[in-house]
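Trainee: I would be grateful for a close look at the sheet of this protein. Please describe how its strands are arranged and what surrounds them.

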Amino acid sequence: MAWKKKKAAGKSTERNKINEQQKLGANLNFQAIEAYKLLRTNLEFSFTDDKRCQVIGITSALSGEGKSLTTINIAYAIAANEKRVLVLEADFRKPAIASKLGINENVGLSDLLVRQEILVSDILISVRMTEIVKFDLAPTGRIPPNPTELLDSNKMKVFIRSCSDVYDYILIDLPPVTVVADAVIASKYIDGMVVVVRQDCCDQKSLAQTMKQLKFANTKILGFVFNGYNQAKSGYYKKYVNKGYYETEYKQANGSPSQG
């Protein structure tokens, strides 16, 4: 009986892996690929200054809204446009990017920030999504006891500054805003933030609280990614649009560049 349960769990795990792969990069359906291309274009036009590298944070209000998958797919879309992209798995508390890419690496960003003997070259992994599309990933590494302090450290700022000389875009996967303060703290060194909102997951109060905290930190909101959209349940989406909340934030992001 126990064997049957284990076998069933194994099949379920394998099925979940296949489902995850179908949500990444070139495996996405046509509509999703086009949506990410549009998002890529909007991000490119969000920055009008001459800064060579754009540092973009990706967060959400709550856990489970799909920010890690969104980060991977944004990286894929930008890299497909022949840009050099670095992804930082900076959700030190609940990292998910490396596992979604099938990467099992014990040394990563947290080790670089606390261990003198670890070099940048020791933690960077080249992720090849197709024959021609690839980006670099700095995985979390070992789960640290002090993630907020690491994100706020001078060594983190120096690391990002040095990477800015090499890459066109740095994407930072950050924890949900209403859960911990990490994303707000990271606002100090990013040029803008993308907020992921999942239908039937995020509530209006949590999203409003997220926006309040990011605005308090003077974070430039680049836009929203609306995940898991179900047209049959579109009342939630319409509610935000009718209130002018979703739509207004997006227009403001396009109309007021160069805050970062």
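Mentor: The following account begins with the chain as a whole, turns to the sheet and its central strands, and then considers the core, a helix pair and some loop residues.

The model is a predicted one. Its protein chain contains twelve helices and seven strands. Of the 260 residues in the chain, 48% are buried. Among contacts with a separation of 6 or more, 79% join residues 24 or more positions apart.

The seven strands form an open sheet with mixed pairing, in the order S3-S4-S2-S5-S1-S6-S7. S3 and strand S7 (221–227) lie at the edges with a single partner strand each, so one side of each has no neighbour in the sheet. On average, neighbouring strands of this sheet are turned by 25° against each other, with direction ignored.

At the S3 edge, strand S3 (residues 125–128) pairs with S4 in the antiparallel sense through four bridges. Within this pairing, Arg 128 has Lys 134 of S4 as its bridge partner. The two strands S3 and S4 form a hairpin, with five residues between them. On the next step along the order, strand S4 (residues 134–138) pairs with strand S2 (residues 85–89) in the parallel sense, over three bridges. Here Leu 86 is matched with Asp 136 in S4.

S2 also runs parallel to strand S5 (residues 169–173), and five bridges join the two. Two of the residue pairs may be named: Val 85 has Tyr 169 of S5 as its bridge partner, and Leu 88 has Ile 172 of S5. Strand S1 (residues 54–60) is likewise joined to S5 by five bridges, and these two strands run parallel. In that pairing Gln 54 stands opposite Tyr 169. Tyr 169 is therefore a bridge partner both of Val 85 and of Gln 54, as the order of the sheet, with S5 between S2 and S1, would lead one to look for.

Which way do the residues of S5 point, and are they buried or exposed? Tyr 169, Leu 171 and Asp 173 point one way from the strand, whereas Ile 170 and Ile 172 point the other way, and all are buried. S5 is accordingly described as mostly covered, with five of its five residues buried.

The nonpolar core can be read alongside these strands. The largest nonpolar core has 39 residues, and those that touch the most other members are Leu 88, Leu 109, Ile 160, Ile 170 and Ile 172. Helix H8 (residues 154–163) supplies the largest share of this core, namely four residues. Leu 88 itself touches Leu 109, Ala 138, Met 156, Phe 159, Ile 160, Ile 170, Leu 171, Ile 172 and Asp 173, when residues up to four places away in sequence are not counted. There is also a second, separate core of 33 residues, which includes Leu 43, Ile 56, Ala 98 and Leu 222.

Leu 43 leads from that second core to a pair of helices. Leu 43 is one of the H2 residues, together with Tyr 36, Leu 39 and Arg 40, that meet Leu 69, Thr 70, Asn 73, Ile 74, Ala 77 and Ile 78 in H3. By class, this contact of H2 with H3 has seven nonpolar, two polar and one charged residues. The axes of helix H2 (residues 30–45) and helix H3 (residues 67–79) come within 9 Å and cross at roughly 75°. H2 and H3 therefore count as roughly perpendicular to each other.

Some loop residues complete the picture. Asp 200 is in the loop between strand S6 (192–198) and helix H10 (204–216). Its phi is near 65°, a positive value in a residue other than glycine. Most residues other than glycine have a negative phi. Asp 200 counts as exposed, because its relative accessibility is 57%. Asn 218 lies in the loop between H10 and S7. The phi of Asn 218 is near 60°, again positive in a residue other than glycine, and at 58% relative accessibility Asn 218 counts as exposed. Gln 22, in the loop between helix H1 (2–21) and H2, is partly exposed, with a relative accessible area of 48%. Gln 22 touches Asn 27 and Leu 28, not counting residues up to four places away in sequence.

Key. Residues numbered from 1 in each chain as written. Predicted model: local features only at pLDDT ≥ 70, side-chain atom pairs only at ≥ 80, totals over all residues. Heavy atoms only, no water. Pairing = 2+ DSSP bridges. Axes fitted to C-alpha atoms, helices over the stretch in contact; angles between N-to-C directions. Parallel < 35°, antiparallel > 145°, perpendicular 65-115°, else oblique. Contact = heavy atoms within 4.5 Å. Nonpolar A, V, L, I, M, F, W, Y, C, P; charged D, E, K, R; others polar. Core = buried A, V, L, I, M, F, W, Y, C linked by side-chain atoms within 4.5 Å. Buried < 20%, exposed > 50% of the residue type's maximum accessible area, 1.4 Å probe, protein only.
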